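Student: I am new to this model and should like to understand one part of it thoroughly. Would you please take a close look at the largest pocket and what surrounds it?

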Amino acid sequence: MYIPNPFHIAIDPMKKLLLVNFEKDPDSLYVGFEPQEFDDHVNGKGYLVIGWRVDGRVDVYHEPGLTLDSGKYDIAGKGLANMLKREMPGAFFEVNDFGVQAYFVFQDIQNRDILIRISEKNPKKRKPFSLLAPMGDAAENPSAMPLVFLQDFYFVRKRNTEFKVSIQNKQHQTDEFPLLMDWTKMYFSRYSPRLLVATINPAFNGPLPQIETVVGAKIMHRESHEFILEWKQETPFIKCIIRHNSIQPVTLRFNESFPDIKRMANNSSLRGNFEIEAHPSSGKISGHYKVEKKDGVIKIVMIPSKGWQPKPTKLSLWFLFNVVKIFKKWPTTYEWTAHIQEREDGLYIMKSGWKRINK
(Lines give C-alpha, C1' and ligand atoms only; values in the text may rest on other atoms or scores of the structure.)
Protein backbone atom coordinates (compact mmCIF):
# COMPACT_ATOMS: atom_id res chain seq x y z
CA MET A 1 0.00 0.00 0.00
CA TYR A 2 1.28 3.46 -0.93
CA ILE A 3 0.18 6.87 0.39
CA PRO A 4 0.98 9.98 -1.69
CA ASN A 5 2.69 12.57 0.54
CA PRO A 6 2.14 16.28 -0.30
CA PHE A 7 4.25 17.61 2.60
CA HIS A 8 7.95 18.30 2.91
CA ILE A 9 10.12 19.98 5.54
CA ALA A 10 13.56 21.00 4.25
CA ILE A 11 16.49 21.81 6.55
CA ASP A 12 19.13 24.40 5.65
CA PRO A 13 22.22 23.89 7.84
CA MET A 14 23.70 27.03 9.41
CA LYS A 15 26.11 27.32 12.36
CA LYS A 16 25.77 30.94 13.50
CA LEU A 17 23.83 34.08 12.69
CA LEU A 18 24.43 37.77 13.46
CA LEU A 19 22.22 40.70 12.46
CA VAL A 20 23.53 44.27 12.52
CA ASN A 21 21.06 47.09 11.82
CA PHE A 22 21.75 50.78 11.15
CA GLU A 23 18.39 51.81 9.70
CA LYS A 24 18.43 55.10 11.62
CA ASP A 25 21.82 55.98 10.11
CA PRO A 26 21.59 54.33 6.69
CA ASP A 27 24.13 54.11 3.92
CA SER A 28 23.16 55.09 0.38
CA LEU A 29 22.85 51.36 -0.42
CA TYR A 30 22.55 49.41 2.85
CA VAL A 31 20.61 49.53 6.11
CA GLY A 32 22.07 46.41 7.69
CA PHE A 33 24.38 43.42 7.41
CA GLU A 34 23.81 39.79 8.33
CA PRO A 35 26.90 37.61 8.74
CA GLN A 36 26.31 33.84 8.69
CA GLU A 37 28.65 30.89 9.23
CA PHE A 38 28.39 27.50 7.51
CA ASP A 39 30.23 24.22 7.86
CA ASP A 40 28.27 21.41 6.22
CA HIS A 41 28.12 19.16 3.17
CA VAL A 42 25.37 21.24 1.52
CA ASN A 43 26.77 24.79 1.64
CA GLY A 44 30.46 24.12 2.30
CA LYS A 45 32.61 25.87 4.89
CA GLY A 46 32.98 29.60 5.34
CA TYR A 47 31.22 32.91 5.95
CA LEU A 48 28.74 34.97 4.03
CA VAL A 49 27.36 38.44 4.68
CA ILE A 50 23.91 39.47 3.50
CA GLY A 51 23.68 43.18 2.71
CA TRP A 52 20.16 44.42 3.38
CA ARG A 53 19.54 47.16 0.84
CA VAL A 54 17.58 50.39 1.04
CA ASP A 55 15.32 49.14 -1.79
CA GLY A 56 14.37 46.01 0.21
CA ARG A 57 16.42 43.56 -1.87
CA VAL A 58 19.56 41.77 -0.69
CA ASP A 59 23.13 41.34 -1.86
CA VAL A 60 24.92 38.18 -0.76
CA TYR A 61 28.71 38.26 -0.34
CA HIS A 62 30.31 34.90 0.35
CA GLU A 63 33.71 33.33 0.73
CA PRO A 64 34.88 31.12 -2.18
CA GLY A 65 34.59 27.98 -0.01
CA LEU A 66 30.79 28.19 -0.02
CA THR A 67 28.57 26.69 -2.72
CA LEU A 68 25.19 28.38 -2.45
CA ASP A 69 21.79 28.02 -4.10
CA SER A 70 20.78 31.52 -5.17
CA GLY A 71 17.13 30.43 -5.37
CA LYS A 72 16.73 30.14 -1.62
CA TYR A 73 17.34 33.87 -1.16
CA ASP A 74 14.02 34.80 -2.72
CA ILE A 75 12.57 34.58 0.79
CA ALA A 76 14.84 37.42 1.92
CA GLY A 77 13.13 40.79 1.54
CA LYS A 78 12.17 41.62 -2.03
CA GLY A 79 14.55 38.98 -3.32
CA LEU A 80 18.15 38.60 -4.38
CA ALA A 81 19.82 41.45 -6.25
CA ASN A 82 23.41 40.17 -6.44
CA MET A 83 25.45 37.19 -5.25
CA LEU A 84 29.20 37.74 -5.27
CA LYS A 85 32.29 35.83 -4.15
CA ARG A 86 34.51 37.86 -1.87
CA GLU A 87 37.65 37.20 0.11
CA MET A 88 37.14 37.98 3.81
CA PRO A 89 40.66 37.83 5.27
CA GLY A 90 40.75 37.23 9.01
CA ALA A 91 36.99 36.86 9.32
CA PHE A 92 35.70 35.36 12.56
CA PHE A 93 32.50 35.15 14.59
CA GLU A 94 32.45 33.62 18.05
CA VAL A 95 30.24 33.80 21.13
CA ASN A 96 32.01 33.36 24.46
CA ASP A 97 31.27 34.10 28.13
CA PHE A 98 31.69 37.85 27.47
CA GLY A 99 29.41 37.99 24.41
CA VAL A 100 30.01 38.43 20.67
CA GLN A 101 33.45 38.62 19.10
CA ALA A 102 33.21 39.27 15.35
CA TYR A 103 35.28 40.72 12.52
CA PHE A 104 34.46 40.99 8.81
CA VAL A 105 36.21 42.98 6.09
CA PHE A 106 35.29 42.78 2.39
CA GLN A 107 34.49 44.92 -0.64
CA ASP A 108 30.92 45.52 -1.75
CA ILE A 109 29.52 45.70 -5.27
CA GLN A 110 30.65 49.33 -5.54
CA ASN A 111 34.20 48.33 -4.51
CA ARG A 112 33.82 50.05 -1.15
CA ASP A 113 35.54 48.70 1.95
CA ILE A 114 33.06 47.23 4.46
CA LEU A 115 34.10 46.71 8.09
CA ILE A 116 32.09 45.04 10.85
CA ARG A 117 33.86 44.68 14.20
CA ILE A 118 32.31 43.72 17.56
CA SER A 119 34.21 43.03 20.76
CA GLU A 120 31.87 42.48 23.69
CA LYS A 121 33.69 42.38 27.06
CA ASN A 122 30.79 42.32 29.49
CA PRO A 123 31.49 40.21 32.59
CA LYS A 124 27.79 39.98 33.43
CA LYS A 125 26.33 36.56 32.68
CA ARG A 126 24.26 36.43 29.50
CA LYS A 127 20.62 35.34 29.79
CA PRO A 128 19.76 34.10 26.30
CA PHE A 129 16.38 32.75 25.23
CA SER A 130 14.66 31.03 22.30
CA LEU A 131 12.84 32.77 19.49
CA LEU A 132 11.20 32.23 16.11
CA ALA A 133 12.84 34.92 13.99
CA PRO A 134 10.43 36.95 11.80
CA MET A 135 12.65 36.32 8.76
CA GLY A 136 9.69 35.62 6.52
CA ASP A 137 8.00 38.96 7.12
CA ALA A 138 9.90 40.85 4.43
CA ALA A 139 9.50 38.25 1.65
CA GLU A 140 7.19 39.33 -1.17
CA ASN A 141 7.21 36.20 -3.33
CA PRO A 142 8.32 33.34 -1.08
CA SER A 143 8.97 29.89 -2.52
CA ALA A 144 8.52 28.37 0.97
CA MET A 145 7.61 29.42 4.48
CA PRO A 146 10.90 29.96 6.33
CA LEU A 147 11.06 29.03 10.01
CA VAL A 148 14.26 30.17 11.70
CA PHE A 149 14.34 28.80 15.24
CA LEU A 150 16.97 30.64 17.27
CA GLN A 151 18.31 29.15 20.47
CA ASP A 152 20.81 30.83 22.78
CA PHE A 153 19.52 34.06 21.20
CA TYR A 154 20.55 37.41 22.67
CA PHE A 155 21.27 41.04 21.90
CA VAL A 156 24.67 42.72 21.91
CA ARG A 157 25.06 44.66 25.16
CA LYS A 158 26.19 48.30 25.05
CA ARG A 159 28.33 48.35 28.17
CA ASN A 160 31.97 47.31 27.72
CA THR A 161 31.48 46.76 23.98
CA GLU A 162 33.55 48.03 21.07
CA PHE A 163 31.25 48.17 18.04
CA LYS A 164 32.17 49.56 14.64
CA VAL A 165 30.39 49.39 11.30
CA SER A 166 31.98 51.43 8.53
CA ILE A 167 31.49 51.72 4.77
CA GLN A 168 34.38 53.29 2.87
CA ASN A 169 35.73 54.64 6.20
CA LYS A 170 32.42 56.27 7.11
CA GLN A 171 31.20 54.93 10.46
CA HIS A 172 27.49 54.23 10.93
CA GLN A 173 25.67 54.29 14.25
CA THR A 174 23.98 50.96 14.90
CA ASP A 175 20.38 50.89 16.10
CA GLU A 176 19.61 50.48 19.80
CA PHE A 177 17.04 48.24 21.44
CA PRO A 178 14.20 50.45 22.77
CA LEU A 179 13.86 48.65 26.14
CA LEU A 180 16.09 47.58 28.95
CA MET A 181 16.53 43.81 28.93
CA ASP A 182 17.83 42.10 32.05
CA TRP A 183 18.33 45.64 33.39
CA THR A 184 20.84 46.31 30.63
CA LYS A 185 20.99 48.64 27.64
CA MET A 186 21.26 46.72 24.38
CA TYR A 187 22.03 47.34 20.75
CA PHE A 188 19.37 46.04 18.37
CA SER A 189 22.09 43.83 16.89
CA ARG A 190 21.33 40.24 17.80
CA TYR A 191 22.77 36.80 17.33
CA SER A 192 22.38 33.05 17.74
CA PRO A 193 25.22 30.52 17.86
CA ARG A 194 22.72 27.66 17.76
CA LEU A 195 19.90 27.76 15.27
CA LEU A 196 17.70 25.66 13.04
CA VAL A 197 16.48 26.83 9.63
CA ALA A 198 13.52 24.88 8.25
CA THR A 199 11.48 25.62 5.13
CA ILE A 200 7.94 24.26 5.02
CA ASN A 201 6.54 22.84 1.79
CA PRO A 202 8.93 24.41 -0.78
CA ALA A 203 7.22 25.15 -4.09
CA PHE A 204 6.86 21.91 -6.06
CA ASN A 205 5.82 20.81 -9.53
CA GLY A 206 6.05 17.09 -10.28
CA PRO A 207 5.11 13.58 -9.16
CA LEU A 208 4.47 13.17 -5.45
CA PRO A 209 6.69 10.89 -3.37
CA GLN A 210 4.79 8.00 -1.81
CA ILE A 211 5.02 6.36 1.60
CA GLU A 212 4.99 2.59 1.57
CA THR A 213 2.93 1.08 4.40
CA VAL A 214 0.84 -1.90 5.43
CA VAL A 215 -2.59 -1.95 7.04
CA GLY A 216 -2.33 -1.11 10.73
CA ALA A 217 1.26 0.20 10.69
CA LYS A 218 1.54 3.31 12.86
CA ILE A 219 5.07 4.51 12.11
CA MET A 220 6.69 4.75 8.67
CA HIS A 221 9.92 6.35 7.46
CA ARG A 222 10.95 7.95 4.20
CA GLU A 223 14.38 9.56 3.92
CA SER A 224 14.65 11.93 6.93
CA HIS A 225 10.88 12.11 7.53
CA GLU A 226 9.00 9.98 10.07
CA PHE A 227 5.25 9.54 9.59
CA ILE A 228 2.84 8.76 12.42
CA LEU A 229 -0.32 7.21 10.99
CA GLU A 230 -3.83 6.82 12.32
CA TRP A 231 -6.15 4.17 10.86
CA LYS A 232 -9.88 4.59 10.42
CA GLN A 233 -11.69 1.57 8.97
CA GLU A 234 -8.47 0.33 7.34
CA THR A 235 -7.89 3.76 5.77
CA PRO A 236 -4.64 5.56 6.71
CA PHE A 237 -4.55 9.17 7.91
CA ILE A 238 -1.40 11.18 8.60
CA LYS A 239 -1.36 12.28 12.23
CA CYS A 240 2.14 13.68 12.42
CA ILE A 241 5.27 14.25 10.29
CA ILE A 242 8.64 14.57 12.03
CA ARG A 243 11.64 15.88 10.10
CA HIS A 244 14.76 14.55 11.77
CA ASN A 245 18.06 16.42 11.54
CA SER A 246 21.28 16.90 13.51
CA ILE A 247 19.99 19.87 15.52
CA GLN A 248 16.36 19.46 16.59
CA PRO A 249 13.41 17.52 15.09
CA VAL A 250 10.74 19.66 13.44
CA THR A 251 7.18 18.36 13.86
CA LEU A 252 4.13 19.03 11.70
CA ARG A 253 1.12 17.76 13.66
CA PHE A 254 -2.45 17.52 12.37
CA ASN A 255 -5.11 17.83 15.07
CA GLU A 256 -7.60 16.41 12.57
CA SER A 257 -5.53 13.72 10.87
CA PHE A 258 -4.80 14.39 7.20
CA PRO A 259 -6.52 11.87 4.87
CA ASP A 260 -5.00 9.59 2.28
CA ILE A 261 -5.86 11.63 -0.83
CA LYS A 262 -5.90 8.40 -2.89
CA ARG A 263 -8.94 7.16 -0.99
CA MET A 264 -10.88 10.41 -0.71
CA ALA A 265 -14.37 10.24 -2.17
CA ASN A 266 -15.08 12.58 -5.08
CA ASN A 267 -16.84 15.85 -4.13
CA SER A 268 -15.76 15.50 -0.50
CA SER A 269 -13.74 17.77 1.79
CA LEU A 270 -12.11 17.81 5.21
CA ARG A 271 -11.02 20.65 7.46
CA GLY A 272 -8.64 20.54 10.37
CA ASN A 273 -5.96 22.33 12.37
CA PHE A 274 -2.20 21.90 12.38
CA GLU A 275 0.80 22.85 14.52
CA ILE A 276 4.50 23.18 13.73
CA GLU A 277 7.03 22.93 16.52
CA ALA A 278 10.76 22.42 17.05
CA HIS A 279 12.25 22.86 20.51
CA PRO A 280 9.39 23.51 22.99
CA SER A 281 11.12 26.69 24.26
CA SER A 282 10.69 28.22 20.78
CA GLY A 283 6.89 28.04 20.97
CA LYS A 284 4.75 26.81 18.08
CA ILE A 285 3.08 27.95 14.87
CA SER A 286 -0.52 26.90 14.31
CA GLY A 287 -3.29 27.31 11.81
CA HIS A 288 -5.89 25.50 9.73
CA TYR A 289 -6.07 23.47 6.55
CA LYS A 290 -8.71 22.33 4.08
CA VAL A 291 -8.47 19.48 1.59
CA GLU A 292 -11.15 18.87 -1.01
CA LYS A 293 -11.59 16.56 -3.99
CA LYS A 294 -13.74 17.79 -6.85
CA ASP A 295 -14.00 16.29 -10.33
CA GLY A 296 -10.92 14.20 -9.62
CA VAL A 297 -8.72 17.18 -8.67
CA ILE A 298 -7.49 17.52 -5.09
CA LYS A 299 -6.88 20.96 -3.64
CA ILE A 300 -5.10 21.62 -0.34
CA VAL A 301 -4.90 24.99 1.39
CA MET A 302 -2.88 25.58 4.56
CA ILE A 303 -2.76 28.90 6.43
CA PRO A 304 -0.85 29.42 9.72
CA SER A 305 -3.78 31.58 10.78
CA LYS A 306 -3.01 31.62 14.51
CA GLY A 307 0.56 32.73 13.96
CA TRP A 308 3.36 32.09 16.38
CA GLN A 309 2.62 31.40 20.05
CA PRO A 310 5.86 32.15 21.94
CA LYS A 311 6.87 31.05 25.42
CA PRO A 312 8.41 34.20 26.90
CA THR A 313 10.67 33.58 29.87
CA LYS A 314 10.86 37.17 31.10
CA LEU A 315 8.57 40.21 31.32
CA SER A 316 10.55 42.21 28.75
CA LEU A 317 10.03 39.45 26.19
CA TRP A 318 6.31 39.24 26.91
CA PHE A 319 6.12 42.99 26.35
CA LEU A 320 8.20 42.79 23.17
CA PHE A 321 6.19 39.97 21.60
CA ASN A 322 2.86 41.62 22.39
CA VAL A 323 3.76 45.19 21.45
CA VAL A 324 5.82 44.47 18.34
CA LYS A 325 3.15 42.62 16.38
CA ILE A 326 5.48 41.38 13.65
CA PHE A 327 6.82 38.58 15.86
CA LYS A 328 3.52 36.78 16.29
CA LYS A 329 1.63 37.90 13.19
CA TRP A 330 3.91 37.31 10.21
CA PRO A 331 3.07 33.57 9.71
CA THR A 332 -0.63 34.47 9.37
CA THR A 333 0.18 36.23 6.08
CA TYR A 334 1.37 33.00 4.41
CA GLU A 335 -0.92 30.70 2.41
CA TRP A 336 0.10 27.42 0.78
CA THR A 337 -2.02 25.99 -2.02
CA ALA A 338 -1.52 22.68 -3.80
CA HIS A 339 -3.39 21.17 -6.76
CA ILE A 340 -3.02 17.42 -7.24
CA GLN A 341 -4.23 15.21 -10.07
CA GLU A 342 -3.86 11.49 -10.76
CA ARG A 343 -2.28 10.45 -14.04
CA GLU A 344 -3.26 7.39 -16.05
CA ASP A 345 -0.16 5.56 -14.83
CA GLY A 346 -1.31 5.99 -11.22
CA LEU A 347 1.19 8.70 -10.26
CA TYR A 348 -0.09 11.83 -8.54
CA ILE A 349 1.19 15.15 -9.90
CA MET A 350 1.25 18.18 -7.62
CA LYS A 351 1.78 21.85 -8.36
CA SER A 352 2.11 23.92 -5.21
CA GLY A 353 3.28 27.29 -4.00
CA TRP A 354 3.02 30.05 -1.41
CA LYS A 355 1.62 33.56 -1.51
CA ARG A 356 1.32 36.39 0.98
CA ILE A 357 -2.17 37.40 2.14
CA ASN A 358 -3.64 40.06 4.46
CA LYS A 359 -0.34 41.93 4.73
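The largest pocket and its surroundings

Tutor: The largest pocket has a volume of about 770 Å³. Among its 32 lining residues, Asn21, Glu23, Pro134, Phe188 and Arg190 are the closest to its centre. Two or more lining residues come from each of β3 (16–21), β4 (30–40), β5 (44–53), β11 (129–133), β12, β15 (186–192), α1 (315–323) and α2 (326–329). The greatest contribution is that of β4, with four residues. By class, the lining holds 22 nonpolar, two polar and eight charged residues.

This is a predicted model, in which local features need pLDDT of at least 70 and side-chain atom pairs count only at pLDDT 80 or more, while totals for chains, interfaces and linings use all residues. Residues are numbered from 1 along each chain as its sequence is written, and side-chain values use heavy atoms, with hydrogens and water left out.

Some terms need their limits. On a 1 Å grid over the protein atoms alone, a pocket is an open set of points with protein on both sides within 12 Å along at least five of seven lines, a cavity is a set where a 1.4 Å probe fits but cannot get out, and lining residues have an atom within 4 Å of a point. Points are joined across faces, edges and corners, and the volume is the space filled by probe spheres set on them. Helices (H or I, at least four residues) and strands (E, at least two) are DSSP runs numbered from the N terminus. Ala, Val, Leu, Ile, Met, Phe, Trp, Tyr, Cys and Pro count as nonpolar, Asp, Glu, Lys and Arg as charged, and the others, Gly among them, as polar.

Consider next the strands β4 and β5, which run antiparallel and pair over ten bridges (pairing requires at least two DSSP bridges). Within this arrangement, Phe33 has Gly51 of β5 as its bridge partner, and a hairpin of three residues links β4 to β5. On β5, seven of the ten residues are buried (under 20% relative accessible area with a 1.4 Å probe, protein chains only), so β5 is largely enclosed by the rest of the structure. Strand β5 is also joined to β6 (residues 58–62) by five bridges in the antiparallel sense, with Val49 opposite Tyr61 of β6. The hairpin between β5 and β6 has four residues in between, and Gly56 in its turn shows a positive phi of about 90°.

The second largest pocket, of about 620 Å³, is lined by 29 residues, and Asp12, Lys72, Ile75, Val197 and Thr199 lie nearest its centre. Strands β4 and β5 return here, for they are listed with β2 (9–12), β12 and β16 as giving two or more residues to this lining. Its residues divide into 19 nonpolar, six polar and four charged.

Finally, the search of the whole structure finds one cavity of 30 Å³ or more, and the largest cavity has a volume of about 50 Å³. Its lining includes Phe149, Gln151, Arg194, Leu195 and Leu196. Both β12 (145–157) and β16 (194–200) supply at least two lining residues, and β16 gives the most, with three. Five nonpolar, four polar and one charged residues make up this lining.

Technical notes:
Buried means under 20% relative accessible area, exposed over 50%, partly exposed in between (1.4 Å probe, protein chains only).
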